[in-house]
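Work through the exercises below with the sequence and the 3D structure open beside you. Try each task before you read its solution.

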Amino acid sequence: VVNAHAAEGRTYDLILLGNDAADTGDFQVGIRLAHELGRPVVNGVRTVDVAGGVATAHGDGIDGVETYEVPLPAVVTVLEGGVEPRYPSITGRMKAKKTKIEMLAPTGDPRGSGRVRLTLPPAQPSTVEVLGTGPEAAAAVVALLQRMGVAR
Amino acid sequence: MILVFVETGATGATEVSLECATFARVLADRTDGPVHAVVVGGERPDVLVGELGRYGVAAVHHVTGDAFSAYGGGTWATAVATVREAIDADFVLAPGTPRGMEVLAHLGARLDVPMAANVVAVTDSGSNETGPLVVTRQVLGGAVLEEMKLSERPVLLTVAGHAVEARHAPDPAPPAALRELTAEVADIDLVARVTATEPVEADRSGALTSSPVVVGAGRGAGGPDGFDGVVELAELLDAALGVSRVVTSLGWRPHHEQIGQTGSRISPDLYIPCGISGAIQHWAGCASSKTILAINTDENAPMVTKATYAVIGDMAEVVPAINAEIRRRRS
């Protein structure tokens, strides 16, 4: 789509994608797209703001909330959680009805996903150890936490 | 030759990195060793040399320089790519963490080869060293396994959290050799580095995916005021707090605390889900937990039957009792 638009002289500032697909879980589409386009990419963020030709993105890192500031055009992939999903407004839905849907055939030569087959993980019989019932189980729980080195 | 991307924490290599090194060793037995490791940025990793040696790593390559003072996926991938090329590695492995995924995806894009995410096993290493490799990996958040054929070299794969247990090499190995080097990073990668990091000590939700202990809460909390007990438990255990989707959908807790297929995916050493039934969407986000201690009123709830340990009871009664017991033992 980006290349087809570029051929018509239509440009972009920001391309937003999800961080990963809930089904195939490949974690790489946004990065490969950015590489293809030769643009910077910020991955796995929760919020994005655009001002003055720069996209500022925030996401959870190992040591805290990380900030990225990348020049546009850029690719950003997002995780759930930064923006509350909401239903579109009535006026938005009315506008959407008139929006023309572009149909494009993909170009390129897909190499396939390499999938051989899908299997279900073997069902594991329950091996749960019940530590107790109700608040009386607290002592057994804390003893376990201490054995695991979790509670001092 | 196998190269492992190692992430470090305050005390050395992260647990998932050691699991990844163990996975690499198993792969080395079936394909062609030895195993090398790459560490990017930070201080000279002397402590890692002995530690990774015990896990069968022959050499640690430490990439430093001004470009590596702040994290960026493309920048870190440049470091890994430089080492991979220098040692001509046929396999590059990374932990199945957000960074591990990101770095290897950049590498895959550069080398124009596939990357297999969240691999749990090598299913078929073929009859010769350069032939196709079939790996098994998690899809649909771990609810389904996919066998994936990787025909090209180098093979890039991330190892799902707790796919294997981190184990020392059977024969005590000498400390790994340490090699210091630097790498040239392209501008396009330099601009996509972290510019600031704000610690999240007060609100530990940011540590959800990296915390070794996570306390979870679900519908059993009963309402927006039902979280005091789990918040206190998380504080007492220095744990992160996560919640199920129903909790965020009802507006009881912020969205960024959600664990599940469409929220954060966690792989802590210990997960304590309280009042969470364990629907498949939630399970997808926590299936990689090493140990699960479920607190639930329903002994037949999926979370309870899949857990390692369980307490049958109302979280509103059980969790405060646990908190009181922890405080009592401390005093």
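**Exercise 1. Confidence**

Task: In this predicted model, find where in chain A the confidence is lowest and where it is highest.

Solution: Begin with the elements of chain A, where the lowest confidence falls in α1(A), with a mean of 85, and the highest in β6(A), at 96. Next take the chain as a whole: chain A has a mean pLDDT of 90, and 99% of its residues reach 70 or more. Then turn to chain B, which averages a pLDDT of 91, with 97% of the residues scoring at least 70. Finally, for the complex, the predictor gives an ipTM of 0.86 and a pTM of 0.84.

**Exercise 2. The second largest pocket**

Task: Describe the second largest pocket by stating its volume and by saying which elements give two or more residues to its lining.

Solution: The first step is the volume, which is about 1400 Å³ for the second largest pocket. The second step is to look towards the centre of this pocket, where the closest of the 38 lining residues are A:R32, A:E36, A:D109, A:P110 and A:R111. The third step is to collect the elements that give two or more residues to the lining, and these are α1 (2-7) and α2 (29-37) of chain A, together with α4 (98-111) and β9 (144-150) of chain B. Of the lining, the largest share comes from α2(A), with six residues. The last step is to sort the lining by residue type, which yields 16 nonpolar, eleven polar and eleven charged residues.

**Exercise 3. The nonpolar cores**

Task: Find which residues have the most contacts inside the largest nonpolar core, and then follow the contacts of B:V80.

Solution: The largest nonpolar core has 49 residues, and B:F5, B:V38, B:F68 and B:V80 have the most contacts inside it. Helix α3 of chain B, residues 73-87, gives the most to this core, contributing seven residues. Now take B:V80 and set aside its neighbours within four places in sequence; the residues in contact with B:V80 are then B:L3, B:F5, B:V38, B:V92, B:V103 and B:L107. Apart from this core lies another, of 37 residues, which includes A:V142, B:V213, B:L236 and B:V319.

**Exercise 4. Buried, partly exposed or exposed?**

Task: Decide whether B:H61, B:G96 and B:E325 are buried, partly exposed or exposed, and list what each contacts beyond four places in sequence.

Solution: Start with B:H61, which is found in strand β5 of chain B, residues 57-63. Its relative accessible area is 5%, so B:H61 is under the 20% limit and counts as buried. Beyond its sequence neighbours, B:H61 is in contact with B:H36, B:A37, B:V38, B:V39, B:V83, B:I87, B:R179 and B:L181.

Continue with B:G96, which sits in the loop between β6 (91-95) and α4 of chain B. B:G96 has a relative accessible area of 26%, and therefore it is partly exposed. Its contacts beyond four places are B:M101, B:N118, B:T158 and B:V159. A further comparison is useful here: B:G96 and B:G161 are 65 residues apart in sequence, and their C-alpha atoms are 6.0 Å apart in space.

End with B:E325, placed in helix α10 of chain B, residues 315-330. At 11% relative accessibility, B:E325 counts as buried. Leaving aside its sequence neighbours, B:E325 is in contact with A:A138, A:A139 and A:V142.

**Exercise 5. Backbone exceptions**

Task: Say where the cis peptide bond from A:L72 to A:P73 is found, and which sign phi has in A:F27 and B:D88.

Solution: Recall the background: most residues other than glycine have a negative phi, and most peptide bonds are trans. The bond from A:L72 to A:P73 is cis, with omega near -5°, and A:P73 is found in the loop between β5 (65-71) and β6 (74-78) of chain A. A cis peptide bond also joins B:R153 and B:P154, with omega about 0°, and B:P154 is found in the loop between β9 and β10 (155-159) of chain B.

Turn now to phi. A:F27 is not a glycine, yet its phi is positive, at about 60°; A:F27 is found in the loop between β1 (14-18) and α2 of chain A, and it is buried, with a relative accessible area of 14%. B:D88, also not a glycine, has a positive phi of about 55°; B:D88 lies in the loop between α3 and β6 of chain B, and it is exposed, with a relative accessible area of 53%.

Terms used:
Residues numbered from 1 in each chain as written. Chains lettered and ligands numbered in written order. Predicted model: local features only at pLDDT ≥ 70, side-chain atom pairs only at ≥ 80, totals over all residues. Heavy atoms only, no water. 1 Å grid on protein atoms, 1.4 Å probe; cavity = no way out; pocket = protein on both sides within 12 Å on 5 of 7 lines; lining within 4 Å. Points joined across faces, edges and corners; volume = space filled by probe spheres on them. Nonpolar A, V, L, I, M, F, W, Y, C, P; charged D, E, K, R; others polar. pLDDT = per-residue confidence, 0-100. Core = buried A, V, L, I, M, F, W, Y, C linked by side-chain atoms within 4.5 Å. Buried < 20%, exposed > 50% of the residue type's maximum accessible area, 1.4 Å probe, protein only. Contact = heavy atoms within 4.5 Å.
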